[in-house]
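This report describes the packing and the charged contacts of one protein model. The sequence and the structure come first.

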Amino acid sequence: MYCYVARQPIFDQNKEVTGYELLFRDGIENSFPNINADEATSKLITQHHLMLGVEKITGGKQAFINFSADTLIHHFPTSIDPNAIVIEILETVEISDELLTACKELHKMGYRLALDDHDFDPKWDLFLPYVHILKIDVRQFNVLEISRYLRRVRPYALTLLAEKVETAEEFAQLQTLGFDLYQGYFFARPEMLKHKQLGSNKLNLLTLISESSKVQLDFDKLAGIMQRDLDMSYKLLRFINSANFARKQSIGSLKHAMVYMGEAELKKFISLLALANLAEGQSDELLVMSLIRARFCDQLAAIRGDQENPPAAFLTGLFSLVDALLEQPLAELLSQLPLLDEIKAALLQGEGTLARYLELQSTFEQGLWQQQTKLSAALVPAGVDLNRVYLEAVEWGQSLLKVR
């Protein structure tokens with residue numbers, strides 16, 4: 001039986017990531033219609049991500065994981081450090097005295113419990129003294145219904161998590177209702193965000209991106225732009241050094257460093273460095289997600305044998321969250337960015353091969369395994385382990401922040 005995992009970030013009120021929901025599935029159907037849920041959960045714990053990879057996948061942050069009633073009753077979560085996990089209980093599980101006893105015991109052992117997709121049914125009230133987090137799908141209820149229910153459960157010490165937050169307006173409204181944590185497409189594909197003008201220093205960065213996006217690089221011009229920004233120059237040299245490009249030869253100038261590094265890698269690093277600086281002050285998690293997407297799309301292009309100059313797949317992934325990072329409408333922002341037309345078509349209209357790369361990446365991010373299988377079959381040769389490619393992209397994205 002194959003094991004799959006996807007991670008979806010969970011943010012606090014400051015849009016800082018606090019954990020990830022890990023979406024485990026038994027196969028491409030993205031559900032458990034014909035398999036014993038207890039067997040699937042036990043194999044996931046013993047064979048794959050929970051025992052060996054949960055810290056790697058979450059970057060040391062808490063993992064939110066669904067468990068069935070029987071796996072809870074048999075204390076399956078106790079194989080995991082209680083500090084590393086939040087145990088999610090779906091509203092569809094059958095309530096029983098055994099389940100309540102198991103929740104009491106897990107609570108006593110220091111595990112944090114969450115009621116996932118909570119439906120406000122009073123039958124769950126017996127569990128509330130042992131629950132830490134309520135996850136509420138804000139698409140299923142109106143504000144009045146949510147507010148009325150939250151007043152009823154106010155005596156309990158509960159952390160409120162809003163699921164499926166899609167707009168800035170919803171985010172602001174849910175903050176006023178007292179929600180503490182948030183999950184949804186707003187953080188990956190934001191709508192109705194405030195506009196932020198770019199200062200002169202950031203326009204200088206856009207100029208750098210423009211020059212690095214050309215097929216034929218002008219190293220003198222690139223070096224001149226970089227020399228106007230000491231911080232960027234220093235960071236570029238750190239990246240070159242960390243990537244082992246400069247270990248065999250002493251670097252005497254920025255131009256020398258760029259030539260020695262090579263055009264293809266230089267273009268990638270200039271773009272991600274510029275984006276990191278443009279996004280200064282924003283959540284690092286959005287930047288990490290951008291880097292993961294860039295790496296994954298770049299590896300897809302390599303697997304397919306694309307000859308890219310500039311590296312269009314890498315740039316498509318890298319700039320796929322640029323609207324969230326810079327808090328500007330995507331169309332308006334891309335009009336200022338000197339990206340290739342095919343990259344803009346992929347990001348704005350979802351058209352072209354580059355859009356398919358990004359779509360395939362999103363199936364891993366959201367756990368859409370049936371869709372992932374279809375797209376993989378159309379894009380990559382049979383036998384390619386894209387799960388490994390995605391996990392490598394996650395590691396790569398997280399590692400780059402250490403030298404940023």
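At what angle do helix α16 and α17 pack, and how far apart are their axes? In this predicted model, α16 (residues 341-348) packs against α17 at an angle of about 45°, and the axes are 8 Å apart. With that angle, α16 is oblique to α17. The crossing of α16 past α17 is right-handed. On the α16 side the contact involves E342, I343, A346 and L347, which meet L354, A355 and L358 of α17.

**Overall content**

The protein has 404 residues, and 52% of them are buried. Its secondary structure consists of 19 helices and eight strands. Of the contacts between residues at least 6 apart in sequence, 65% join residues at least 24 apart.

**Packing of α12 on α17**

Helix α17 (residues 353-366) also packs with α12, at an angle of about 120° and with the axes 10 Å apart. That angle makes α12 oblique to α17. The α12 and α17 crossing is right-handed. From α12, the residues in contact are M289, I292, R293, F296, C297, L300, A301 and R304. From α17, they are T353, Y357, L358, L360, Q361, F364 and E365. L358 of α17 thus appears in the contact with α12 and also in the contact with α16.

**Nonpolar cores**

The largest nonpolar core contains 90 residues. The residues with the most contacts inside this core are I87, L134, L150, F179, F296, Y357 and L360. Helix α12 (residues 284-304) supplies the largest share of the core, eleven residues. Another core, of eleven residues, lies apart from the largest one and includes F219, M226, M258 and F269. F296, Y357 and L360 also take part in the contact between α12 and α17.

Leaving aside neighbours within four places in sequence, L134 is in contact with L115, H118, L128, Y149, V153, L158, T159, L160 and L161.

F64 lies in strand β3 (residues 62-67). Its relative accessibility is 3%, so F64 counts as buried. Leaving aside neighbours within four places in sequence, F64 is in contact with I10, G19, Y20, E21, L22, V86, E88, I133 and L161. L161 is therefore a contact of F64 as well as of L134, taking contact as heavy atoms within 4.5 Å. F64 and A84 are 20 residues apart in sequence, and their C-alpha atoms are 8.9 Å apart in space.

**Salt bridges**

Side chains of opposite charge can pair when their charged atoms come close. The structure holds eleven salt bridges. Three of them are listed here.

| Pair | Closest N to O distance |
|---|---|
| K135 and E163 | 3.5 Å |
| D137 and K164 | 3.3 Å |
| R295 and E392 | 3.0 Å |

Where in the chain do K135 and E163 lie? K135 is in strand β6 (residues 133-137) and E163 is in strand β7 (residues 159-163), 28 residues apart, and the pair links distant parts of the chain. Is K135 buried or exposed? K135 counts as buried because its relative accessibility is 0%. E163 also counts as buried, at 8% relative accessibility. Both K135 and E163 belong to a network of salt bridges that also links E21, E88 and D116. Of these network residues, E21 and E88 are among the contacts of F64.

The salt bridge of D137 with K164 also links distant parts of the chain. D137 is in strand β6, K164 is in the loop between β7 and α6 (168-177), and the two residues are 27 apart. D137 is buried, with a relative accessible area of 4%, whereas K164 is partly exposed, with a relative accessible area of 45%.

The salt bridge between R295 and E392 joins two helices: R295 lies in α12 and E392 in α19 (residues 386-400), so the pair ties together parts that are 97 residues apart in sequence. E392 is partly exposed, with a relative accessible area of 29%.

**Recurring elements**

Helix α12 comes up in three settings: the largest nonpolar core, the packing with α17 and the salt bridge to α19. Strand β6 holds K135 and D137, and each of these residues forms a salt bridge listed in the table.

Technical notes. Residues are numbered from 1 along each chain as its sequence is written. This is a predicted model: local features need pLDDT of at least 70, side-chain atom pairs count only at pLDDT 80 or more; totals for chains, interfaces and linings use all residues. Side-chain values use heavy atoms; hydrogens and water are left out. A nonpolar core is a set of buried Ala, Val, Leu, Ile, Met, Phe, Trp, Tyr and Cys residues joined through side-chain atoms within 4.5 Å. Buried means under 20% relative accessible area, exposed over 50%, partly exposed in between (1.4 Å probe, protein chains only). Helices (H or I, at least four residues) and strands (E, at least two) are DSSP runs, numbered from the N terminus. A salt bridge is a side-chain nitrogen of Lys or Arg within 4 Å of a carboxyl oxygen of Asp or Glu. Axes are lines fitted to C-alpha atoms, for helices over the stretch in contact, and angles run from 0 to 180 degrees between N-to-C directions. Angles under 35 degrees count as roughly parallel, over 145 as roughly antiparallel, 65 to 115 as roughly perpendicular and the rest as oblique. A crossing is left-handed if the near helix is turned anticlockwise from the far one by less than a right angle, and right-handed if clockwise.
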